[in-house]
Amino acid sequence: MRLSIRHPKDFWSGLVFLALAASFGWIAQGYSMGRAIKMGPGYFPTMLAGILALIGLITLARSFVLEGEGVGRWAWRGGAIVLGAMLLFGLLLRGGGLVVSLLAVVFVGAAASVQFRAPVAAAAAVGLAAFCVAVFVWGLGLPIPVLGRWFGN
């Protein structure tokens, strides 16, 4: 029996998941694990590596069993815009705060889509900003400025 890739998208997705799992597992090696009741700094990345490896193996196995479409053209423009949006979030967080950086990342990231609509992106950005402030700042008490030093905070 000869193995052949029947679903190239699943094949490459599985390899990406496995590569991420190997990276997280390698990074976590230097940290103490702890236990489930008292997690050490290596616990979460190790568990994440295991889950990603499992997803990767399942996806990779599916690529040899199920029929599927091939890998199309890489969306360089969209990928570059999403990467830029994430970098923008990091650059804006201290100066603008959580709200400004989330508004920017959602709006710029949404611009990567060919179906981009400004009103929909603006509504999603406002909703996500409100949700994140409620959960991370108020709920969990994380020391993230809601509005940064540009606003006198």
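User: What pattern does the chain follow along the sequence?
Analyst: Read from start to end, the chain follows α-α-α-α. Helices here are DSSP runs of H or I with at least four residues, numbered from the N terminus. This is a predicted model, in which local features need pLDDT of at least 70, side-chain atom pairs count only at pLDDT 80 or more, and totals for chains, interfaces and linings use all residues. Residues are numbered from 1 along each chain as its sequence is written, and side-chain values use heavy atoms, with hydrogens and water left out.

User: How many strands are there?
Analyst: The secondary structure comes to four helices and zero strands.

User: What does the C-alpha trace span?
Analyst: Along its principal axes, the C-alpha trace of the chain spans about 70 × 45 × 20 Å.

User: Turning to S101, which helix holds it?
Analyst: S101 lies in helix α3, which covers residues 76–110.

User: Is S101 buried or exposed?
Analyst: S101 is buried, with a relative accessible area of 0%; buried means under 20% relative accessible area, exposed over 50%, and partly exposed in between, with a 1.4 Å probe and protein chains only.

User: And how much of the chain counts as buried?
Analyst: Of the 153 residues, 24% count as buried.

User: What does the side chain of S101 reach?
Analyst: The side chain of S101 reaches the backbone oxygen of L98 at 3.1 Å.

User: Which residues is S101 in contact with, leaving aside neighbours within four places in sequence?
Analyst: With those neighbours left aside, S101 is in contact with F89, L92 and L93, where contact means heavy atoms within 4.5 Å.

Note on methods:
Helices (H or I, at least four residues) and strands (E, at least two) are DSSP runs, numbered from the N terminus. A polar contact is a pair of N or O atoms within 3.5 Å; within protein, one must be able to donate a hydrogen and the other to accept it, and residues adjacent in sequence count only if both atoms are side-chain atoms.
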